[in-house]
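Trainee: I would like to go through the aromatic contacts here and see what each label rests on.
Mentor: Then let us take the labels one at a time.

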Amino acid sequence: MAAPMSLVVEFGGGAELLFDGIKKHQVTLPCQPEPWDIRNLLKWIKQNLLKERPELFIQGDTVRPGILVLINDADWELMGELDYKLQNQDNVVFISTLHGG
Amino acid sequence: MAAPMSLVVEFGGGAELLFDGIKKHQVTLPCQPEPWDIRNLLKWIKQNLLKERPELFIQGDTVRPGILVLINDADWELMGELDYKLQNQDNVVFISTLHGG
Amino acid sequence: TLQARASLSLAEILRYSRQLVLPELGVRGQLRLSRCSVLVVEGGTAVPVMEKDVEMSNLHRQVLHGEAREGLPKALSAAASLRQLNSAVQYVPYHLALSPSTALELVRQYDVVADCSDNVPTRYLVSDACVLAGKPLVSASALRLEGQLVVYNYQGGPCYRCLFPKPPPPETVTNCADGGVLGVVPGIMGCIQALEVLKIASGIGSGFSQFMLMFDALEGRFRNIKLRPKKSDCAICGDSPTMTSLQDYEAFCGSSATDKCRSLHLL
Amino acid sequence: TLQARASLSLAEILRYSRQLVLPELGVRGQLRLSRCSVLVVEGGTAVPVMEKDVEMSNLHRQVLHGEAREGLPKALSAAASLRQLNSAVQYVPYHLALSPSTALELVRQYDVVADCSDNVPTRYLVSDACVLAGKPLVSASALRLEGQLVVYNYQGGPCYRCLFPKPPPPETVTNCADGGVLGVVPGIMGCIQALEVLKIASGIGSGFSQFMLMFDALEGRFRNIKLRPKKSDCAICGDSPTMTSLQDYEAFCGSSATDKCRSLHLL
Ligand SMILES: [Zn+2]
Ligand SMILES: [Zn+2]
């Protein structure tokens, strides 16, 4: 049984526009039988934070192309991507890449 | 008896020029009867790291005017200045203020 | 093709005296700079790279274009402004659209590439051309009150495609015309981009290979993000690349290098 | 003294369209900007603020001065360049040295002050004048490959004297002529300074009151440092200030606002 977990979840690069324009979210994840990983977090975000057009954020069970996921200021690819086991106080950032100039 | 302590000590804004031009120092402080504070650290730096002209870094028992001391990215005034008790893995920065433009 | 030189002229010593005294650069670094060529890929808000004319709505952020330049090709306006600042540098304005058929030959002629373009197909095109030509790419972008900068294809680090193997869905891509941009944000990102070009060109090296600089102008906060390394399965820079030449980037991205909005209006 | 206005002109809407769409700024913020006046205190490498002529050794970093401007007063050169970029803004070049007898009256006429000077006496003079006049001060500096930025005297935050009650010993002070500076570093710091001025002027507000931005160009790293609050015992902004007018800053600092090195050569 995983204890409740506090995270800071951030959205940037325009991804915040799908979340009422709010960039920084203090999040407490409830207790659940299995440990929290990014895969579960994405489902939780979709159900609890996402305000509109989920397909612009999630495609299948992962984030859509063009969004970088950062766990404690590192690319999630370095951390195990969807399988990364969240730790209390982790900082997870979803950042849309910019193309403007 | 305080255990040996690891710190990152950094110099910047030109203060590094008194330390062989090296900005970042991984430092291990030896065991000593009383806890390590900034006052002791300054003495230790003077004896162990400072390469030249100590009066450009230390005046009396404190740093000379114009050098800001930062403990874990905060002004030392917020942390108790000379009396701050160092913790293992602390980051202490001595930064000379710049005036150029 | 600039010649290597053994010493600086008196005029160069006068002009650059304040940075020649820096041990990190010195005469050696300045001499390297003096023989380095940089390709700057610019993209107006609406039209592909290097083909854009100066518009009124550019002026709030693009300080290379004075008011009197309205309607001039951007490449020419920029070169004229730069020449006023430093006449000793050679500027070659290309008033043309970068395309898969011309990009590789162009990129091969330069030592470092700076991508300041504004659309996804061009970002892939420039990165792929840099991989095929073996050139480092300093890529910066800005939108609203945010900026991002990465150095790609440099000292064994990842390329743009390593980070973004699949293009974003076209409906998620926002440009400066739609999303807006605070005037000085591209200025800040462009100056940092110039710094990284200069560090690479002078041999100091860049800290942004496999790192992204993220800037939030509202908060006033910069973050350095550790990125993935070069991917062994990258289609263009990996161990067994499936791409050996440039492709059709508009088809790949499902969007055109010209302004999405404008295209919609035309349809 | 600029008038408050109820709406933007068509030319302004065209020029600023890309930032008018930003909810953080909007027409409201742009209107505030349009009636805001900013005093920019510049200091050449050798001579006090606003009294300096353009020198060859300035050009590698001061992009408001083209080569043709060599020998012109800097304030005039800068105003001429800015006028080419945006003729709708009013520029008032002051070709004079800021002094304790003139600073306060000058600062009182402006809404925000940007300190780009290069010596300690001027830093104290500008800060003290801003405290006495009740104006926010955006202060930026650069040397070698580093930069620092703080907003002083803004929304109850500290002033320069809160941070530095005593001036540094003159022998520890290095200027750009002696220490050098990489050309683009002041450019980066100046753009960020312009951003903070713009945020304060438009009502967005700055995150650098009681915070210092530190930039290391070699590492490519920015750090935000939490500073002490306003000091109740500050000589000028504290609860019982001992200073109620400007003083002799060269005597206070034990150094002159003119170049230390040059003075030494003259002796
Ligand atoms: Zn790749
Ligand atoms: Zn004060």
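Mentor: A residue is called buried if its relative accessible area is under 20%. Bear in mind that this is a predicted model.

Trainee: Which of Phe11(A) and Phe94(A) is buried?
Mentor: Phe11(A) and Phe94(A) are both buried, so each has under 20% relative accessible area.

Trainee: How many aromatic pairs are there over all chains?
Mentor: The count is 21.

Trainee: What makes Phe11(A) and Phe94(A) a stacked pair?
Mentor: Their centres are 5.6 Å apart and their planes differ by 15°. Pairing requires centres within 6.5 Å and stacking requires planes under 30 degrees apart, so the pair counts as stacked.

Trainee: Why is this pair said to tie parts of the chain together?
Mentor: Phe11(A) belongs to strand β1 (residues 5-12) and Phe94(A) to strand β7 (residues 91-96), so the pair joins parts 83 residues apart in sequence.

Trainee: Why is the pair of Phe19(A) and Phe57(A) called edge-to-face?
Mentor: The centres lie 5.2 Å apart with the planes at 80°. The cut-off for edge-to-face is over 60 degrees, so the label applies. Phe19(A) sits in the loop between β1 and β2, and Phe57(A) in the loop between α1 and β3, 38 residues apart. Both Phe19(A) and Phe57(A) are buried.

Trainee: How do you know that a charge sits over the ring of Phe252(D)?
Mentor: The charged end of Arg161(D) is 4.7 Å from the ring centre, and the distance limit is within 6 Å. In chain C, Arg161(C) lies over the face of Phe252(C), also at 4.7 Å from the ring centre.

Definitions and conventions:
Residues are numbered from 1 along each chain as its sequence is written. Chains are lettered from A and ligands numbered from 1 in the order in which they are written. This is a predicted model: local features need pLDDT of at least 70, side-chain atom pairs count only at pLDDT 80 or more; totals for chains, interfaces and linings use all residues. Side-chain values use heavy atoms; hydrogens and water are left out. Rings of Phe, Tyr and Trp (its six-membered ring) pair if their centres lie within 6.5 Å; planes under 30 degrees apart count as stacked, over 60 as edge-to-face and the rest as tilted. Helices (H or I, at least four residues) and strands (E, at least two) are DSSP runs, numbered from the N terminus. Buried means under 20% relative accessible area, exposed over 50%, partly exposed in between (1.4 Å probe, protein chains only). A charge sits over a ring if NZ of Lys or CZ of Arg is within 6 Å of the ring centre and within 35 degrees of the ring normal.
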